[in-house]
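Colleague: I have a model open on my screen. Please walk me through reading its features.

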Amino acid sequence: MDNFWLNALWSVVPTILVGLVFWVVMRGIIRADRDERAAYAALEAEERARLGLPPAPVTGPGGSVEG
């Protein structure tokens, strides 16, 4: 019976580790994208203000203009 639980544990551990690595990588990608979009929006707002243009329209999740 001891070998059964040890084998069960060793069968599950690689799947859990790969899942954790995937989660960490995806989390990093999504956070980097969010930060990059925020930086680009701030830069665009600054440039539009410098040129005397109105603020950029706010877009929704699907890219459509909310209004």
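Modeller: We go from the fold to the salt bridges and then to the surface.

Modeller: This is a predicted model: local features need pLDDT of at least 70, side-chain atom pairs count only at pLDDT 80 or more, and totals for chains, interfaces and linings use all residues. Residues are numbered from 1 along each chain as its sequence is written, and side-chain values use heavy atoms, with hydrogens and water left out.

Colleague: How many helices and strands does the chain have?

Modeller: Helices (H or I, at least four residues) and strands (E, at least two) are DSSP runs, numbered from the N terminus. Here there is 1 helix and there are 0 strands.

Colleague: What span does H1 reach, and what is expected?

Modeller: The expected span is 1.5 Å times one less than the number of residues. H1 has 50 residues and reaches 74 Å from first C-alpha to last, close to the expected 74 Å. Just after H1, Gly52 takes a positive phi of about 80°.

Colleague: How many salt bridges are there?

Modeller: A salt bridge puts a side-chain nitrogen of Lys or Arg within 4 Å of a carboxyl oxygen of Asp or Glu. The count is 2. One joins Arg37 and Asp33, at 3.0 Å from N to O. The other pair is Arg50 and Glu47, at 2.7 Å.

Colleague: How are these partners placed along the helix?

Modeller: An α-helix has 3.6 residues a turn, so residues three or four places apart point the same way. Arg37 and Asp33 are 4 residues apart in H1, about one turn. Arg50 and Glu47 are 3 residues apart in H1, also about one helical turn.

Colleague: Are the partners buried or exposed?

Modeller: Buried means under 20% relative accessible area, exposed over 50%, partly exposed in between (1.4 Å probe, protein chains only). Arg37 is exposed because its relative accessibility is 58%. Asp33, at 38%, is partly exposed. Arg50 is exposed at 60%, and Glu47 is partly exposed at 30%.

Colleague: What share of the chain is buried?

Modeller: Buried residues make up 1% of the 67 residues. The chain exposes about 6200 Å², and carbon and sulfur atoms supply 68% of it. Such areas come from the Shrake-Rupley method with a 1.4 Å probe; for residues, only the protein chains shown count as cover.

Colleague: Which residues make the nonpolar surface patch?

Modeller: Patches use residues with over 30% relative accessible area and no salt bridge; like charges are joined within 9 Å, nonpolar side chains (Val, Leu, Ile, Met, Phe, Trp, Tyr) within 5 Å. Val21, Phe22, Val25, Met26, Ile29 and Ile30 make a patch of about 580 Å². Ile30 lies in H1, residues 2-51. Ile30 counts as exposed because its relative accessibility is 53%.
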